[in-house]
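Open the model in your viewer and keep the selection panel at hand. The stops below say what to select next and what is there.

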Amino acid sequence: MKDLQFTRHRRLRNSVNMRALVRETHLHPEDFIYPIFIVEGEQKRNAVKSMPGVDQISLDYLNDEIQELVDLGIKSAMVFGVPAEKDAVGSQAYHDHGIVQKGIRQIKENFPDFVVIADTCLCQYTDHGHCGVIEDGKILNDPSLDLLARTAVSQAKAGADIIAPSNMMDGFVAAIRHGLDEGGFEDVPVMSYAVKYASAFYGPFRDAAHSSPQFGDRKTYQMDPANRLEALREAESDVEEGADFLIVKPALSYLDIMRDVKNTFNLPVVAYNVSGEYSMIKAAAQNGWVNEKEIVLEKLISMKRAGADLIVTYHAKDAARWLSDK
Ligand code: PBG
């Protein structure tokens, strides 16, 4: 074997500390954005059956929830409202005293430095469960923009630090940016769900947010999982319309897209590690089929390696705890 020429890669893997020295990617609690479902009513902590460990919580539990995140070193949450009433035009989405506006106001009063990101969509608030207004069974684009802009402004008025529109209507970033600027919120950034696929991985979320479409699907507005160039076109128009962050969603099956987006645009990229990705791991872990801690930290680091600067994840609290254990 003496004359054999080859490279000794294992030299850099020899010990725990050697591996730490050459590690290229790192996870920190401040990478995580924790999704919170705020439900109307009192003393409610409704377990979401398809997402073990995730609850819908009412306003009276919200301060404890944020305190827990702060103690874990997490700097930010994305808030979703679960309203008591729905109608055809989702009017609770842009009501100044809607459930999410109340939640945002309460968090900012008690935790002024905590970064509150508002998901801006209509599907939790419409009785048909679609992300826009409907006529003759069609989801209308332009009439929906006005309502989305109103929703964003009411969230900013309540104190939201970042507006995150997830509806996938064309022109939503332009409409929301315009609405925010007109309303005096030119300093509030837009974290656009720029690349959002029509994905079966959202199933458990729709349980949590009560936002399933009552007819049809979202394939006329969310993207076809088979497409890659289309993702770049979607992201490009959002950048031109004034987006400050670009979300790629879901995360795990779309790491190639995340890398493309990271390489093409010079904005922070956000991975949305969605509900189905969470629940699959939870279910396997509860059966003892995988090591939850190791598998979660591995998948989160893979998102950062693929180019994500931030990760929206239901695993945030566990991951932050595991990171501080080390
Ligand atoms: C609302 C919205 C959805 C998610 C985030 N915002 C659901 C959807 O588009 O159907 C999914 C999040 C998840 O699955 O964790 N439009």
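## Stop 1: arginine 206

Select Arg206 and show its contacts: beyond residues up to four places away in sequence, arginine 206 touches Ser211 and Ser212. The model is a predicted one. Arginine 206 sits in helix α6, residues 203–209. With 16 other C-beta atoms within 10 Å, arginine 206 is partly exposed, because being buried takes 20 or more.

UniProt, in an unreviewed entry, places the feature "binding site" at Arg206 and Arg218. Select Arg218 next. Arginine 218 lies in the loop between α6 and α7, the latter being residues 229–241. Here the count is 20 C-beta neighbours inside 10 Å, and so arginine 218 counts as buried. Leaving out residues up to four places away in sequence, arginine 218 touches Cys131, Ala198 and Pro213.

## Stop 2: around the ligand

Select the ligand and then the residues that surround it. Among them are Asp119, Cys121, Cys123 and Cys131. Ser166, Tyr202, Phe205, Arg206, Ser211, Val274 and Ser275 also belong to this shell. Arg206 from the first stop is thus met again here; Cys131 is also one of the residues touched by arginine 218.

How do the residues of the shell divide by character? Six are nonpolar, three polar and two charged.

## Stop 3: the two lysines

Select Lys196 and Lys249 together. UniProt lists both for "active site", again in an unreviewed entry. They are spread over 54 residues of sequence, yet they cluster in space, with a largest C-alpha distance of 4.9 Å.

Take Lys196 by itself. Lysine 196 is in strand β9, residues 191–196. It counts as buried because 24 C-beta neighbours lie inside 10 Å. Apart from its neighbours within four places in sequence, lysine 196 is in contact with Ser166, Met168, Gln222, Met223 and Lys249. Of these, Ser166 is also listed in the shell around the ligand.

Now take Lys249. Lysine 249 is found in strand β10, residues 245–249. Is lysine 249 buried or exposed? It is buried, with 24 other C-beta atoms within 10 Å. Residues up to four places away in sequence aside, lysine 249 touches Tyr193, Val195, Lys196, Tyr197, Tyr272 and Val274. Val274 is likewise part of the shell around the ligand.

## Stop 4: strands β9 and β10

Widen the selection to both strands. They run parallel and are joined by four bridges. To find one of the bridges, pick valine 195; its partner in β10 is valine 248. Six of the six residues of β9 are buried, so β9 is largely enclosed by the rest of the structure.

Within β10, select Leu246. Leucine 246 counts as buried because it has 26 C-beta neighbours inside 10 Å. Its contacts, not counting neighbours within four places in sequence, include Ser192 and Ala194. Ala235, Asp238, Val261, Phe265, Leu267, Val269 and Val270 are in contact with leucine 246 as well. For a distance check, draw a line from leucine 246 to phenylalanine 215: they are 31 residues apart in sequence and 29 Å apart in space, C-alpha to C-alpha.

## Stop 5: helix α3 and its cover

Move to helix α3, residues 99–110. Its end C-alpha atoms are 17 Å apart, which agrees with the 16 Å that twelve residues should span at 1.5 Å a residue. Colour the buried residues of α3: Ile99, Val100, Gln101, Gly103, Ile104 and Ile107. An α-helix has 3.6 residues a turn, so residues three or four places apart point the same way.

What covers these buried residues? The cover includes strands β1 (32–39), β4 (76–82) and β5 (115–120), together with helices α2 (62–71) and α4 (142–158).

## Stop 6: strand β4 and its partners

Finish on β4. Six of its seven residues are buried, so β4 is largely enclosed by the rest of the structure. With β1, β4 pairs in the parallel sense over seven bridges; to locate this pairing, select valine 39, which stands opposite valine 82 in β4. β4 and β5 also run parallel and are joined by four bridges. Here select serine 76, whose bridge partner in β5 is valine 115.

Methods
Residues are numbered from 1 along each chain as its sequence is written. This is a predicted model: local features need pLDDT of at least 70, side-chain atom pairs count only at pLDDT 80 or more; totals for chains, interfaces and linings use all residues. UniProt positions are given in the numbering used here, feature names are shortened, and annotations may be inferred rather than shown by experiment. Helices (H or I, at least four residues) and strands (E, at least two) are DSSP runs, numbered from the N terminus. A residue is buried if 20 or more other C-beta atoms lie within 10 Å of its own, exposed if 12 or fewer, and partly exposed in between; C-beta atoms are placed from the backbone. Two residues are in contact if their C-beta atoms, placed from the backbone, lie within 7 Å. A residue is near a molecule or strand if its C-beta atom, placed from the backbone, lies within 6 Å of it. Ala, Val, Leu, Ile, Met, Phe, Trp, Tyr, Cys and Pro count as nonpolar, Asp, Glu, Lys and Arg as charged, and the others, Gly among them, as polar. Two strands pair if DSSP finds at least two bridges between them. The expected span of a helix is 1.5 Å times one less than its number of residues.
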